[in-house]
Amino acid sequence: MFSAVRQAAERSGKDAIPAIVVARAVAHALTEKRPKTRYLVGRRARIQLILRKLLPDRVMDRITARYLGLG
């Protein structure tokens, strides 16, 4: 299981959004007068949010497990 998760992390790293995009979001949050509790950064984050709202937890767990190579 550890190996599968590590491989998934390596795959994710190759597809990751550039660090500068995350840095800009953090800088924006730190300089806002009234910052939000959470900020979505990148297309994947938005897709995950939509899926979380639409799909039951068990389905999301299966999707996550499959992505990690565990199912």
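## Reading a four-helix chain

The chain exposes about 6,400 Å², and carbon and sulfur atoms supply 59% of that area.

Visitor: Before we start, what kind of model is this?

Guide: This is a predicted model. Let us begin with the fold and then move to the surface.

Visitor: How many helices and strands does the chain have?

Guide: There are four helices and zero strands. Following the sequence from start to end, you meet the pattern α-α-α-α. The radius of gyration is 15 Å, well over the 11 Å that the globule rule gives for 71 residues, so the chain is more spread out than a compact globule.

Visitor: What box do the C-alpha atoms fill?

Guide: Along the principal axes, the box is roughly 45 × 30 × 20 Å.

Visitor: And what percentage of the residues count as buried?

Guide: Burial is read from relative accessible area, with under 20% as the cut-off. Of the 71 residues here, 7% count as buried.

Visitor: Could you show me that scale on single residues?

Guide: Gladly; let us take three from helix H4. Arg58 lies in this helix, and so does Arg66. Ala65 has its place in H4 as well.

Visitor: Which of the classes, exposed or partly exposed, does Arg58 fall into?

Guide: The exposed class begins over 50%. Arg58 counts as exposed because its relative accessibility is 68%. Arg66, with a relative accessible area of 62%, is exposed too. Ala65 has a relative accessible area of 22%, so this residue is partly exposed.

Visitor: How far are these residues from other parts of the chain?

Guide: Compare separation in sequence with separation in space, C-alpha to C-alpha. Arg66 and His28 are 38 residues apart in sequence and 34 Å apart in space. For Arg58 and Ala25, the values are 33 residues and 31 Å. Ala65 and Lys14 are 51 residues apart along the chain, and 19 Å separates their C-alpha atoms.

Visitor: How do I look for pockets?

Guide: Rolling a probe the size of a water molecule over the atoms shows where empty space is left. In this chain, the largest pocket has a volume of about 340 Å³.

Visitor: Which residues line the largest pocket?

Guide: The lining is made by Ser12, Arg44, Ile47, Gln48, Leu51, Arg52, Met60, Ile63, Thr64 and Tyr67. Two elements give two or more residues to this lining: helix H3 (43–54) and helix H4 (57–67). The largest share, five residues, comes from H3.

Visitor: One last feature: how many positive and negative side chains are there?

Guide: A charge reading takes both the counts and the centres of the two sets. The chain has 16 positive and 5 negative side chains, and their centres lie 4 Å apart.

How values were computed. Residues are numbered from 1 along each chain as its sequence is written. This is a predicted model: local features need pLDDT of at least 70, side-chain atom pairs count only at pLDDT 80 or more; totals for chains, interfaces and linings use all residues. Side-chain values use heavy atoms; hydrogens and water are left out. The radius of gyration is taken over C-alpha atoms; the globule rule is 2.2 Å times the number of residues to the power 0.38. Buried means under 20% relative accessible area, exposed over 50%, partly exposed in between (1.4 Å probe, protein chains only). Accessible areas come from the Shrake-Rupley method with a 1.4 Å probe; for residues, only the protein chains shown count as cover. Lys and Arg count as positive and Asp and Glu as negative; His and the chain ends are not counted. The place of a charge is taken as NZ of Lys, CZ of Arg, CG of Asp or CD of Glu. On a 1 Å grid over the protein atoms alone, a cavity is a set of points where a 1.4 Å probe fits but cannot get out, and a pocket is an open set with protein on both sides within 12 Å along at least five of seven lines; lining residues have an atom within 4 Å of a point. Grid points are joined across faces, edges and corners, and a volume is the space filled by probe spheres set on the points.
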